[in-house]
Amino acid sequence: VSGLTVLAAATAVAEKPATTQVAVKKSLSDPITKDEVRAAVRAWCDGIVDIGRVYKSGGDYKARAIQHIEKHYAFDSITEGSKLLFKPTLASEYNFRSDMDEFISYFIGDGVYSEDGGFAIKPWDAVRFDTFGTFIVPGGSSGTTSGIYHFTPSAAPDTEVKVEYTFQFIRSKTDPSQLKIVLHHSSVPFSK
């Protein structure tokens with residue numbers, strides 16, 4: 001993966017996988033919690049691995065990528081005149097993405113931009129994350145979190161690729177029990 005820092009070992013304690021919980025009915029006015037934010041990041045990471053798994057097995061990885069995008073990004077909740085804010089890691093010519101076709105192009109390399117090689121179909125065997133911090137706005141209408149992902153490439157399972165992230169979540173208007181991403185920024189750590 002061009003431009004990414006490959007690490008042989010991680011130095012921080014990783015987030016533990018989210019535990020299985022019984023779904024609790026939520027409303028749009030229920031405050032977002034740090035535990036929900038952590039679980040949403042974990043689910044995003046697991047989805048990236050699963051897109052690659054489907055790709056490796058010869059399955060319909062495009063359908064899986066669309067499912068992942070629809071589940072995790074707030075296309076169902078943005079207001080008129082607004083757009084989702086996505087700054088992918090491996091984007092240099094087209095730095096920002098805001099519509100479904102651009103998201104699909106980035107995750108599976110499906111043609112919108114020639115620079116897109118299909119980040120999710122690298123593929124990755126695992127993605128873990130270390131949270132730097134989480135901020136819930138007063139009233140709990142959104143939650144923002146930053147940290148580091150550690151991607152384990154299938155081609156080099158003894159290494160990890162370190163990427164910095166920031167996500168901002170809101171409750172889905174169509175299913176308030178689900179958090180959806182309205183801002184996603186990923187970047188590689190600065191290198192001297």
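## Salt bridges in this predicted model

The count here comes to twelve salt bridges, and bear in mind that the model is predicted. Three of the pairs are set out below, followed by a small network.

| Acidic residue | Basic residue | Closest N and O atoms |
|---|---|---|
| Asp125 | Lys56 | 3.3 Å |
| Asp76 | Lys180 | 3.2 Å |
| Asp116 | Arg97 | 2.9 Å |

Let's start with Asp125, which forms a salt bridge with Lys56. Asp125 sits in strand β3 (residues 124-136) while Lys56 belongs to helix α1 (residues 34-56), so this pair ties together parts 69 residues apart in sequence. As for solvent, Asp125 is partly exposed, with a relative accessible area of 37%.

Next up is Asp76, whose salt-bridge partner is Lys180. Asp76 is found in the loop between α2 (61-72) and β2 (85-87), and Lys180 is in strand β6 (residues 179-187), so the pair links parts that are 104 residues apart in sequence. Asp76 is partly exposed at 27% relative accessible area, whereas Lys180 is buried at 8%.

Then there's Asp116, paired with Arg97. Here both partners come from loops: Asp116 from the one between α3 (100-108) and β3, Arg97 from the one between β2 and α3, so the bridge ties together parts 19 residues apart in sequence. Is Asp116 buried or exposed? With 7% relative accessibility, Asp116 counts as buried. Arg97 also counts as buried, at 1%.

Finally, the network: Asp50, Arg53 and Arg64 are joined into one by salt bridges that share partners.

Definitions and conventions. Residues are numbered from 1 along each chain as its sequence is written. This is a predicted model: local features need pLDDT of at least 70, side-chain atom pairs count only at pLDDT 80 or more; totals for chains, interfaces and linings use all residues. Side-chain values use heavy atoms; hydrogens and water are left out. A salt bridge is a side-chain nitrogen of Lys or Arg within 4 Å of a carboxyl oxygen of Asp or Glu. Helices (H or I, at least four residues) and strands (E, at least two) are DSSP runs, numbered from the N terminus. Buried means under 20% relative accessible area, exposed over 50%, partly exposed in between (1.4 Å probe, protein chains only).
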